[in-house]
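Student: I am new to this structure and would like to go through it slowly. Could we take each label in turn and ask what earns it?

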Amino acid sequence: MNLLMKNVRLEIGYRFEDGEVIATNTELMDILIEDGVFKKIEKQLNPSEHVPILDAKGRLLLPSLKDMHIHLDKTYYSGPWQAPTIAKKGIWTRIEEEQQLLPKLLPVMVERAQAIIELLIQNGHTHIRTHCNVDPQIGTKHVELLIELLQSYRDKITYELVAFPQHGLLHSQVESQLQQALQIGATHIGGLDPATVDQDINRSLETMVRLAHEADKGIDIHLHDGGTLGEYEIHRLMDYLEHYKFKNEVTISHAFALADISAASLEKLMHRMKAHAINIATTVPFGQNRPTIPIFYLANAGIDVAVGHDSLTDHWSPFGTGDTVEKLKILAERFYCSDERRLGQCWKFGSGNITPLTEQGELHWPKVGDEANALLIDAVSSAHAIARNGSIDYVLFKGNVTFEK
């Protein structure tokens with residue numbers, strides 16, 4: 001589909017005073033989209049016959065968002081309100097609950113997952129990475145149903161699906177089911193706390209990496225273990241990546257150990273993680289017993305960090321919203337990013353590392369030839385959009401309008 005956008009606000013550089021950024025300069029431009037990419041970006045473009053026109057009316061164009069950590073397949077969202085129970089036995093309470101809960105939720109799983117997808121699209125997302133349970137109770141049924149659902153949205157989003165052994169890869173004995181999930185379309189294999197849940201660090205990590213290597217898929221492992229235990233698990237993960245000469249994408253979700261090991265240990269770990277191109281997904285947790293990893297320190301060291309919501313409301317947590325702009329605001333508040341430049345640069349954590357301007361204020365996006373995945377928001381700059389949680393009025397996926405307020 002072709003589209004001509006008129007009166008689009010684009011960031012063009014920073015305004016400096018005494019060497020400090022005091023504002024973001026913007027300009028109203030016209031943008032022609034053809035075949036899913038930005039074809040022309042000029043001060044004024046004349047309409048062509050049969051090309052639809054979208055008058056942005058001064059709204060700011062920003063890169064669309066990516067939710068890099070969510071569980072679509074087990075949720076209370078769009079159903080009756082239900083708060084989680086108290087986890088008296090920690091993660092084991094949740095695992096025991098799921099053994100009873102997931103079969104009961106199966107009849108409404110697709111309907112509720114669809115409601116989350118629709119919400120994420122309205123909130124500016126054009127990509128979703130979802131973790132999907134593979135366990136003895138439901139086998140690969142969730143994977144099969146979610147792949148079918150996500151394929152039906154191929155004109156609105158791209159997706160990745162992690163075959164996730166929520167009850168422990170070894171503990172729940174699901175190696176064969178994980179292999180099947182990878183064969184039928186899962187893009188990544190997951191893992192979960194090899195010490196706490198599987199209680200066999202080496203065999204758990206080796207099995208996960210071996211399965212991903214054999215299937216030529218990526219890895220996205222949940223690591224909640226903190227301190228030196230979590231640090232050790234990350235090093236052992238990289239040992240197995242080296243053993244198998246693993247070249248596909250590797251993500252560590254949560255990675256709480258990065259928040260509470262010594263500075264010297266963190267430096268050593270980051271150096272090795274960067275060498276393996278390991279990236280991090282985080283929900284930006286904060287508060288008692290919820291350490292926030294050093295997101296900017298990691299990013300400045302060259303490690304990609306992405307935000308996700310984990311869940312909207314389920315038997316684990318009632319707090320998710322699916323609003324990544326709000327999530328970026330929380331991130332900015334948590335790390336005291338209140339100035340124009342640092343606040344605006346937070347957008348990269350929600351967009352796959354894409355920002356309109358570089359930290360030096362050079363134009364980075366959009367450029368002719370870029371894929372036209374974008375949103376139009378009621379804001380005068382990226383910083384303004386995040387700080388005031390601006391209204392997303394349009395979402396575009398490959399030049400197609402997928403949401404209009």
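Student: What makes the contact between the side chains of Arg210 and Glu175 a salt bridge?

Tutor: A salt bridge is defined as a side-chain nitrogen of Lys or Arg within 4 Å of a carboxyl oxygen of Asp or Glu. For the side chains of Arg210 and Glu175 the N to O distance is 3.1 Å, so the pair meets the definition. Arg210 lies in helix α5 and Glu175 in helix α4 (residues 175-184), so this salt bridge ties together parts that are 35 residues apart in sequence. Helices (H or I, at least four residues) and strands (E, at least two) are DSSP runs, numbered from the N terminus.

Student: What kind of model is this, and how are its residues numbered?

Tutor: It is a predicted model, in which local features need pLDDT of at least 70 and side-chain atom pairs count only at pLDDT 80 or more, while totals for chains, interfaces and linings use all residues. Residues are numbered from 1 along each chain as its sequence is written, and side-chain values use heavy atoms, with hydrogens and water left out.

Student: Why is Arg210 called buried, and what is Glu175 called?

Tutor: Buried means under 20% relative accessible area, exposed means over 50%, and partly exposed is in between (1.4 Å probe, protein chains only). Arg210 has 19% relative accessibility, so it counts as buried, whereas Glu175, with a relative accessible area of 29%, is partly exposed.

Student: How many salt bridges does the rule give, and which residues are joined into one network?

Tutor: The count by this rule comes to 18 salt bridges. Arg129, Glu160, Asp220 and Glu249 are joined into one network by salt bridges that share partners. One of these bridges is between the side chains of Arg129 and Glu249, at 2.7 Å from N to O. That pair links distant parts of the chain, since Arg129 is in strand β7 and Glu249 is in the loop between α6 and β11, 120 residues apart. Arg129 has a relative accessible area of 1% and is therefore buried, while Glu249, at 32%, counts as partly exposed.

Student: How do you know that Glu96 and Lys89 form a salt bridge?

Tutor: The closest N and O atoms of Glu96 and Lys89 are 2.8 Å apart. Glu96 is partly exposed, with a relative accessible area of 37%, and Lys89 is partly exposed as well, at 47%.

Student: What is notable about phi at Asp216 and at Ala255?

Tutor: Most residues other than glycine have a negative phi, and most peptide bonds are trans. Asp216 has a positive phi of about 60 degrees although it is not a glycine, and Ala255 has a positive phi of about 50 degrees although it is not a glycine either. Asp216 lies in the loop between α5 (201-215) and β10 (218-223), and Ala255 in the loop between β11 (250-254) and α7 (263-275). Asp216 has 57% relative accessibility and so counts as exposed, whereas Ala255, at 1%, counts as buried.

Student: Which bond is cis, and what is its omega?

Tutor: The peptide bond that joins Trp365 and Pro366 is cis, with an omega of about 0 degrees. Pro366 is found in the loop between α11 and β14 (374-377).

Student: What makes an empty space a cavity rather than a pocket?

Tutor: On a 1 Å grid over the protein atoms alone, a cavity is a set of points where a 1.4 Å probe fits but cannot get out, whereas a pocket is an open set with protein on both sides within 12 Å along at least five of seven lines; lining residues have an atom within 4 Å of a point. Grid points are joined across faces, edges and corners, and a volume is the space filled by probe spheres set on the points. By this rule there is 1 cavity of 30 Å³ or more, and the largest cavity has a volume of about 70 Å³. Among the residues that line the largest cavity are Glu11, Tyr14, Thr24 and Glu340, and α10 gives the most to this lining, with 3 residues.

Student: How large is the second largest pocket, and which residues lie nearest its centre?

Tutor: The second largest pocket has a volume of about 310 Å³. Its lining has 20 residues, of which Asp304, Val305, Ala306, Gly352 and Asn353 lie nearest its centre.
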